[in-house]
Amino acid sequence: MPKDLRSFIAELDAISPEDLARVTKPVSPRYEMSAILTHLERRKRFPLLLFQKPKDSQAPVVINAQASRRLMSIALDCKPEDLARVFSERQSKPLVPVEMINAPVHEIAKTGDEIDLNEVPLLTHYDVNVAPYITAGIVVAADPDTGVRNTSYNRLMMAGSRELRIFMAVGRHLWTLHNKLERRNQPLPIAIIIGVHPLFSLGAQALTPPDEDEYAVIGGMMNEPLRLVRAKTVPILVPADAEMIIEGQIMPNLRRTEGPFGEFTGHAVPQEQRQVIEVSAITHRENYIFQDIHAGYTEHKLMGAVPREAALLKAVRLAVPTVTNVCMPVSGNCRFHAYISIAKRTPGQAKNAICAAIPADKLLKHVVVVDDYN
């Protein structure tokens, strides 16, 4: 059985039901789901939340699939303290994906005038957000010259039944691909992947060079080749076992207003002119599950920590071979602070660990080195 969001929910239900919370009453995606999550966050409770009856939609909604190290350790089948090490091991063993003809994600396909993003239970988290957003969408695009695929999380604002507006960090892989095609006055074909196993999400966030196929990295993370199928309207292979795929193109030389949006820092970013996606198809499973990540909450902060910790562990090990572990805590938004444990053998090793860590992650502001007492 392939690893997908459904299999992960079933696994939790079987082996760790305390980490799964089902909400059976009708709840609105506009603020109400956020209110329930806020209630749990304040009580330091981080279960996977499954809203079974969103108002005005037939699709259940999942939030918090990666809201604790325990949830991620269940997905990776390891102890929470071994997440960075196991992640690094799996990242180093990519698996070539396999292509299928038919796929669960193509059970329902809508194109042209059939497309209506209003039918999808997109969430509005805060009153500062001017529109619903896709926050758990993983954008996949291929380099037009090499064919190498890239995956990345990008916030996506709904701007109409067939239009999204996207934030792309300047200089990152997706921005670079769009910039390359924009200079040729060509659109960038993309697919937005929604509803995946946590291992897919972790693999999609792995820090990789631009010439490495991230689908292969994801397969290595899942310990099984990723199953792919050809998209309906764009020249891209998409995950066969995702819950939903939104296909489209990022248009060249077109910018429209996006934002404000409440971000992970706890502050809202202002309105800016952003790139525009014209949606050409929506495909999904017959009874699909929509996935969301609540901006600024624990899952949003924590989900990128393990890939960063693995990269940091690798970088520090080059300078201090006796490094034993790395942790980027929620207190530092899982980006700005790092604790590094070393088995000190010679004077100066702590300083060497700090000097190796700071340039390895450009967001780091504080590094604390501690002794390993194991």
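# A tour from a buried ring pair to the surface

Begin by selecting Tyr133, which at 1% relative accessibility counts as buried; the model you have open is a predicted one. Now add Phe261 to the selection, a residue that is likewise buried, with a relative accessible area of 2%. The count of aromatic pairs in this model comes to one, and these two side chains form it: the ring centres of Tyr133 and Phe261 are 4.4 Å apart and the planes stand at 50°, so the pair is classed as tilted. If you colour by secondary structure, you will find Tyr133 in strand E6 (residues 133–134) and Phe261 in strand E15 (residues 261–262), so that the pair links distant parts of the chain, 128 residues apart.

Next, display the largest nonpolar core, which has 51 residues. The residues with the most contacts inside this core are Leu48, Val62, Leu76, Ile193, Phe200, Leu202 and Tyr215. Centre the view on Tyr215 and show its surroundings: leaving aside residues up to four places away in sequence, Tyr215 touches a set of residues that includes Leu95, Pro97, Val140, Ile193, Phe200, Leu226 and Leu228, and also Arg149 and Thr151. A second core, separate from that one, is made of 40 residues, among them Met33, Leu156, Ile166 and Tyr297.

From there, move to helix H5 (residues 173–182), in which Leu174, Leu177, His178, Lys180, Leu181 and Glu182 are buried. To see what covers these buried residues of H5, show the strands E7 (138–142), E8 (149–153), E10 (163–166), E11 (188–194), E14 (244–258) and E17 (272–284), which are included in that cover.

Select His106 next, in the loop between strand E4 (98–100) and strand E5 (108–111). Is His106 buried or exposed? At 14% relative accessibility, His106 counts as buried, because the cut-off for that class is under 20%. Its contacts, not counting residues up to four places away in sequence, are with Val229, Arg230, Ala231, Lys232, Thr283 and His284.

Now turn to the charged side chains, where the structure holds 26 salt bridges. One to select is that between Arg70 and Asp19, whose side chains meet at 2.6 Å, N to O. Arg70 lies in helix H3 (residues 69–76) and Asp19 in the loop between helix H1 (5–15) and strand E1 (20–23), so this bridge ties together parts that are 51 residues apart in sequence. Arg70 is partly exposed, with a relative accessible area of 38%, whereas Asp19 is buried, at 10%.

Another salt bridge joins Arg85 to Asp82, with the closest N and O atoms 3.5 Å apart; here Arg85 counts as partly exposed at 39% relative accessibility, and Asp82 is partly exposed as well, at 21%.

Continue to Arg285 and Glu243, whose side chains meet in a salt bridge at 4.0 Å, N to O. Arg285 sits in the loop between E17 and strand E18 (290–292), and Glu243 in the loop between strand E13 (237–239) and E14, so the pair ties together parts 42 residues apart in sequence. Both Arg285 and Glu243 are buried. Widen the selection to Asp4, Arg6, Arg227 and Asp241, which are linked with Glu243 and Arg285 in a network of salt bridges.

Finish at the surface, where Tyr339, Val368 and Val370 form a nonpolar patch with about 230 Å² of accessible area together. Tyr339 is found in strand E20 (residues 337–342) and is partly exposed, with a relative accessible area of 39%.

Terms used
Residues numbered from 1 in each chain as written. Predicted model: local features only at pLDDT ≥ 70, side-chain atom pairs only at ≥ 80, totals over all residues. Heavy atoms only, no water. Patch = residues over 30% accessible without salt bridge, like charges linked within 9 Å, V, L, I, M, F, W, Y side chains within 5 Å. Areas by Shrake-Rupley, 256 points an atom, 1.4 Å probe, with all protein chains shown as cover. Helix = DSSP H or I, 4+ residues; strand = E, 2+ residues; numbered from the N terminus. Buried < 20%, exposed > 50% of the residue type's maximum accessible area, 1.4 Å probe, protein only. Core = buried A, V, L, I, M, F, W, Y, C linked by side-chain atoms within 4.5 Å. Contact = heavy atoms within 4.5 Å. Phe/Tyr/Trp six-rings, centres within 6.5 Å; stacked < 30°, edge-to-face > 60°.
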